[in-house]
Amino acid sequence: MISRVTQHHVGLHATRMAEDLQREVWGFAQAVADAQQQHCADNRMNYWKSRLSLSVGHAKARGMDIQEIAHQCELSLARSLGTRPLPVQAKFLIESFLLQQGVPARLNGTTDSFSRQ
């Protein structure tokens, strides 16, 4: 029988929140890029926007610093995951949405890091 863990390791929880934020911002970024190129419906973009909003809200509620949230979003979009580069307009829309959420992420300065390696 496996006993249930009653205390959570703070670092583990913070890591999970960071992973959630990175996944949500990446999904939203791809949906924004696809919507701009008319490869998907607006409801997909709205779905990821909602998911990202919930993740940001959850991270704030759990005490994650706004600058750390911004850093996690920047990290997510600065990595090359083997996909096409994000258009500048998509990065601007994502940055604007994050600013509406109170997250001062700077994505436009990372254009070259989105290219394939």
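1. Ile 94, in this predicted model, touches Val 25, Phe 28, Ala 29, Val 32, Leu 77, Leu 86 and Leu 107, when residues up to four places away in sequence are not counted. Ile 94 is also listed, together with Phe 28, Ile 69, Leu 77 and Leu 98, among the residues with the most contacts inside the largest nonpolar core, a set of 29 residues.

2. As to where this core draws its residues from, the elements that give two or more are H1, helix H2 (42-61), helix H3 (66-78) and H4, and H1 gives the most, with 10 residues. In soluble globular proteins, nonpolar side chains tend to be buried together.

3. Aromatic pairs number 2 in the structure. In one of them, the ring centres of Phe 28 and Phe 97 lie 5.2 Å apart while their planes make an angle of 50 degrees, so this pair is classed as tilted. The pair links distant parts of the chain, since Phe 28 belongs to helix H1 (residues 10-36) and Phe 97 to helix H4 (residues 88-100), with their positions 69 residues apart. Both Phe 28 and Phe 97 are buried.

4. The rings of Tyr 47 and Trp 48 also form a pair, with centres 5.4 Å apart and planes at 80 degrees, an angle that is over the 60 degrees required and therefore makes the pair edge-to-face. Tyr 47 has a relative accessibility of 42%, which lies between the 20% and 50% limits, so this residue counts as partly exposed, whereas Phe 28 and Phe 97 are buried.

How values were computed:
Residues are numbered from 1 along each chain as its sequence is written. This is a predicted model: local features need pLDDT of at least 70, side-chain atom pairs count only at pLDDT 80 or more; totals for chains, interfaces and linings use all residues. Side-chain values use heavy atoms; hydrogens and water are left out. Rings of Phe, Tyr and Trp (its six-membered ring) pair if their centres lie within 6.5 Å; planes under 30 degrees apart count as stacked, over 60 as edge-to-face and the rest as tilted. Helices (H or I, at least four residues) and strands (E, at least two) are DSSP runs, numbered from the N terminus. Buried means under 20% relative accessible area, exposed over 50%, partly exposed in between (1.4 Å probe, protein chains only). A nonpolar core is a set of buried Ala, Val, Leu, Ile, Met, Phe, Trp, Tyr and Cys residues joined through side-chain atoms within 4.5 Å. Contact means heavy atoms within 4.5 Å.
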